[in-house]
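Q: I am new to this structure and should like to learn how to read its features. Could you guide me through them in order?

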Amino acid sequence: MAKMPFEGMVFARPSLLVGDREVLGQPTRQGEVLGSALSKVVGFLIPANYKPIDASAVASALLSAVPSAKGKTVLLSGAMRPEVP
């Protein structure tokens with residue numbers, strides 16, 4: 001097997017991705033709309049790794065983690081959430 005040309009790999013494991021899909025030309029998915037609405041009502045009962053997460057938060061987490069990655073890193077949804085002060 002050939003040696004990979006990089007020192008680390010980052011795997012993102014987000015839960016339900018939310019955001020403006022229309023901008024990307026993607027169709028609205030009723031299950032995702034329902035899941036997102038339901039999480040707003042009972043979100044305090046849902047563990048962070050299973051709550052819907054905005055696609056921009058996943059992108060930001062990857063932009064932060066990838067440049068300094070060493071070995072294999074797995075980012076779970078809860079770790080990709082922006083910290084609330």
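The dialogue below takes up the core, a helix, a pocket and two single residues.

A: Please bear in mind that this is a predicted model. We may begin with the core.

Q: Which residues make up the largest nonpolar core?

A: In soluble globular proteins, nonpolar side chains tend to be buried together. Here the largest nonpolar core consists of seven residues, namely Ile53, Ala57, Val58, Ala61, Ala65, Leu75 and Met80. Helix H2, which spans residues 55-65, supplies the largest share of this core, with four residues.

Q: What does Ala57 contact beyond its neighbours within four places in sequence?

A: Ala57 is in contact with Met80 and Pro82 when those neighbours are left aside. Met80 is itself one of the core residues.

Q: Which residues of H2 are buried, and how should their arrangement be read?

A: An α-helix has 3.6 residues a turn, so residues three or four places apart point the same way. In H2, the residues Ala57, Val58, Ala61 and Ala65 are buried. Because they cover an arc of only 100° around the axis, they lie on the same side of H2.

Q: What covers the buried residues of H2?

A: The covering elements include four strands: S1 (8-13), S2 (17-18), S3 (53-54) and S4 (71-76).

Q: What is the volume of the largest pocket, and which residues line it?

A: The largest pocket has a volume of about 190 Å³. Its lining is formed by Leu17, Val18, Gly19, Asp20, Arg21, Glu22, Gln26, Thr28, Arg29, Glu32, Val33 and Ser36. Two elements, S2 and helix H1 (30-42), each give two or more residues to this lining. The largest share, three residues, comes from H1.

Q: How many residues of each class are in the lining of the largest pocket?

A: The lining has five charged, four polar and three nonpolar residues.

Q: Is Ser36 buried or exposed?

A: A residue counts as buried when its relative accessible area is under 20%. Ser36, a residue of helix H1, has 15% relative accessibility and therefore counts as buried. Not counting residues up to four places away in sequence, Ser36 touches Leu16, Val18 and Pro52. Both Ser36 and Val18 also line the largest pocket.

Q: Is Pro5 buried or exposed?

A: The cut-off for exposed is a relative accessible area over 50%. Pro5 has 76%, so Pro5 is exposed. This residue is placed in the segment before S1.

Q: How many residues separate Pro5 and Gly78 in sequence, and what is their separation in space?

A: Pro5 and Gly78 are 73 residues apart in sequence, and their C-alpha atoms are 29 Å apart in space.

Notes
Residues numbered from 1 in each chain as written. Predicted model: local features only at pLDDT ≥ 70, side-chain atom pairs only at ≥ 80, totals over all residues. Heavy atoms only, no water. Core = buried A, V, L, I, M, F, W, Y, C linked by side-chain atoms within 4.5 Å. Buried < 20%, exposed > 50% of the residue type's maximum accessible area, 1.4 Å probe, protein only. Contact = heavy atoms within 4.5 Å. Arc of directions from axis to C-beta. 1 Å grid on protein atoms, 1.4 Å probe; cavity = no way out; pocket = protein on both sides within 12 Å on 5 of 7 lines; lining within 4 Å. Points joined across faces, edges and corners; volume = space filled by probe spheres on them. Nonpolar A, V, L, I, M, F, W, Y, C, P; charged D, E, K, R; others polar.
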